[in-house]
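Student: I've got a new model open and I'd like to talk it through with you. Can we go over it together?

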Amino acid sequence: FPVTILEVEGNIRTGQLIASKVQVKTSSEIESQEFEFYGVISNVTAQTFEVRGQTFYYDSRTENRSLLTITPLPYVEVKASRSNGRWYAFEIGLED
């Protein structure tokens, strides 16, 4: 089956994503792009953590990884890129 990759920008209102922008992307465009995710950190391990059910890999190059040790786990912005089918977080920041 052919796969179509979409970039969708929007907001969640009453449990539904309301898209304000939709673009078709190629695999190479996806792997060279930065993405932002927002939510509360959960399920932290030595190599991964989750935000809104999405798993992110992190390492010593991930900025602000110390936020993964705060109790209670904070609401954050995660900047990540996609490679080999995985999300790699390169920056974690506190959000209001």
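Tutor: Sure, and let's settle one term before the aromatic side chains come up: rings of Phe, Tyr and Trp (its six-membered ring) pair if their centres lie within 6.5 Å, with planes under 30 degrees apart called stacked, over 60 edge-to-face and the rest tilted. Keep in mind that this is a predicted model.

Student: How many aromatic pairs does the structure hold?

Tutor: Ring pairs link Phe35, Phe37, Phe49, Phe56, Tyr58 and Trp87 into a cluster. Counted pair by pair, the number of aromatic pairs in the structure is 6.

Student: Take phenylalanine 35 and tryptophan 87: stacked, tilted or edge-to-face?

Tutor: Their ring centres are 5.1 Å apart. The planes stand at 80 degrees, and over 60 is the cut-off that matters here, so this pair is edge-to-face.

Student: How many residues apart in sequence are the parts that this pair ties together?

Tutor: Phenylalanine 35 belongs to strand β3 (residues 35–42), while tryptophan 87 belongs to strand β7. The pair therefore joins parts whose separation in sequence is 52 residues.

Student: Is tryptophan 87 buried or exposed?

Tutor: Its partner phenylalanine 35 has 16% relative accessibility and counts as buried. Tryptophan 87 comes out at 10%, and since the cut-off is under 20%, tryptophan 87 is also classed as buried.

Student: What about phenylalanine 49 and tyrosine 58: stacked, tilted or edge-to-face?

Tutor: The two ring centres are 5.9 Å apart, with the planes at 55 degrees. Both residues are buried. An angle of 55 degrees is neither under 30 nor over 60, so the pair is tilted.

Student: Let's zoom out. What pattern does the protein follow along the sequence?

Tutor: There is 1 helix, along with 7 strands. Read along the sequence, they give β-β-α-β-β-β-β-β.

Student: Which strand holds the lysine that meets glutamate 7 in a salt bridge?

Tutor: The structure has 3 salt bridges, and in this one the side chains of lysine 25 and glutamate 7 meet at 3.1 Å, N to O. Both residues are buried. Glutamate 7 lies in strand β1, so the pair ties together parts 18 residues apart in sequence, with lysine 25 in strand β2.

Student: And lysine 21 with glutamate 9: how far apart are the closest N and O atoms?

Tutor: This pair links lysine 21 in strand β2 to glutamate 9 in strand β1, 12 residues apart. Lysine 21 is partly exposed, with a relative accessible area of 35%, and glutamate 9 is partly exposed at 35% as well. In their salt bridge, the closest N and O atoms are separated by 3.7 Å.

Student: Which residue forms a salt bridge with aspartate 59?

Tutor: Aspartate 59 is partly exposed at 31%, whereas its partner is exposed at 67%. The closest N and O atoms of the bridge are 2.6 Å apart, and the partner is arginine 61.

Student: Which strands each supply at least two residues of the nonpolar patch?

Tutor: The patch covers about 560 Å² and is made by Leu6, Val8, Ile12, Leu17, Val22 and Val24. Valine 24 lies in strand β2, and at 62% relative accessibility valine 24 counts as exposed. The strands in question are β1 (5–13) and β2 (16–25).

Student: Last one: which residues form the negative surface patch?

Tutor: One member, glutamate 95, sits in the segment after β7 (86–94). At 31% relative accessibility glutamate 95 counts as partly exposed. The full set is Glu34, Glu36, Glu95 and Asp96.

Methods
Residues are numbered from 1 along each chain as its sequence is written. This is a predicted model: local features need pLDDT of at least 70, side-chain atom pairs count only at pLDDT 80 or more; totals for chains, interfaces and linings use all residues. Side-chain values use heavy atoms; hydrogens and water are left out. Patches are made of residues with over 30% relative accessible area and no salt bridge: like charges are joined within 9 Å, nonpolar side chains (Val, Leu, Ile, Met, Phe, Trp, Tyr) within 5 Å. Accessible areas come from the Shrake-Rupley method with a 1.4 Å probe; for residues, only the protein chains shown count as cover. A salt bridge is a side-chain nitrogen of Lys or Arg within 4 Å of a carboxyl oxygen of Asp or Glu. Lys and Arg count as positive and Asp and Glu as negative; His and the chain ends are not counted. The place of a charge is taken as NZ of Lys, CZ of Arg, CG of Asp or CD of Glu. Helices (H or I, at least four residues) and strands (E, at least two) are DSSP runs, numbered from the N terminus. Buried means under 20% relative accessible area, exposed over 50%, partly exposed in between (1.4 Å probe, protein chains only).
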